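Thanks for coming. I have one structure to go through today, and I will spend most of the time on its charged pairs. Please look at it first.

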Amino acid sequence: MLHDNELARIILAARKIGGPYGGIVELLALTGQRREEVAGLQWAELDLAQRIWTLPRSRTKNAKAHVVYLSEQALAVLAWADQPGPYVFSLLGTKPFQEFSRAKRRLDQLSGVTGWRLHDLRRTCVSGMARLGIAPHVADKILNHQSGAISGVAAIYQRHEFMCERQAALERWGTHIAHIVGDAHLKVRRIA
């Protein structure tokens, strides 16, 4: 797990790098989703008016479709992506970004944070949400975990998706990230 000061340095370095990789890193930090899910994000999966990203079951680890609420901060990342073609984070728009090793070395160098993996952004997101008072079962739903805080017989009967709670949690987490990186007055460029 990354501390707030490390997370802030990583996000600010990702912004300096820009392009598909910078956007992927920041969206990973904001949403807690998996690297390949974010890297393979397609414009067709987004409903920007509703502020949601729907991952089809073919692109999730547990083969279960998943809805991710997009905070103001996540929308800002997407607004700057503006790639032609079906993929949001792509060098040419025709295939997902794949140059992770080289880009990660540059990110480590620019941020001064080493000894971590991109998957740590997922852990940092869920741990940070817990620190903000977000219930573990809500965080589990955000991460698309099949089994989580609600287990046993309760998990068999509990089918609620906690969409409002997930939205509130991701907004709160996005606000926290904006605070630690110094984005006091985030201006979101709207995407058509």
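How much area does the protein chain expose, and what share of it do carbon and sulfur atoms supply? The exposed area is about 9,900 Å², and carbon and sulfur atoms supply 54% of it. Keep in mind that this is a predicted model.

Now the general layout. The protein chain has nine helices and three strands. Going along the sequence, the order is α-α-α-β-β-β-α-α-α-α-α-α. The chain has 192 residues, and 47% of them count as buried. On contacts: taking those between residues at least 6 apart in sequence, 64% join residues at least 24 apart.

On to the salt bridges. How many does the structure hold? There are nine salt bridges. I will take three pairs and one network.

The pair I start with is Glu36 and Arg35, whose closest N and O atoms are 2.5 Å apart. Are these two residues buried or exposed, or something in between? Glu36 has 46% relative accessibility and therefore counts as partly exposed. Arg35 is also partly exposed, at 34%.

Next, Glu45 and Arg59. They form a salt bridge with the closest N and O atoms 2.7 Å apart. What does this pair tie together? Glu45 sits in the loop between helix 3 (35-39) and strand 1 (46-47), and Arg59 in the loop between strand 2 (52-55) and strand 3 (66-69), so the bridge ties together parts that are 14 residues apart in sequence. Glu45 has a relative accessibility of 10%. The cut-off for buried is under 20%, so Glu45 counts as buried.

The last pair I will show is Asp120 with Arg123. Their side chains meet in a salt bridge at 2.5 Å, N to O. Where do the two residues lie relative to each other? Both are in helix 6, residues 119-131, and because they are three residues apart there, about one helical turn separates them. Asp120 is buried, with a relative accessible area of 12%, whereas Arg123, at 35%, counts as partly exposed.

Finally, the network. Which residues does it link? Salt bridges link Arg51, Glu72 and Glu171 in a network.

To recap the pairs: Glu36 bridges to Arg35, Glu45 to Arg59, and Asp120 to Arg123. Of the residues in them, Glu45 and Asp120 are among those that count as buried. That is what I have.

Key:
Residues are numbered from 1 along each chain as its sequence is written. This is a predicted model: local features need pLDDT of at least 70, side-chain atom pairs count only at pLDDT 80 or more; totals for chains, interfaces and linings use all residues. Side-chain values use heavy atoms; hydrogens and water are left out. A salt bridge is a side-chain nitrogen of Lys or Arg within 4 Å of a carboxyl oxygen of Asp or Glu. Buried means under 20% relative accessible area, exposed over 50%, partly exposed in between (1.4 Å probe, protein chains only). Helices (H or I, at least four residues) and strands (E, at least two) are DSSP runs, numbered from the N terminus. Contact means heavy atoms within 4.5 Å. Accessible areas come from the Shrake-Rupley method with a 1.4 Å probe; for residues, only the protein chains shown count as cover.
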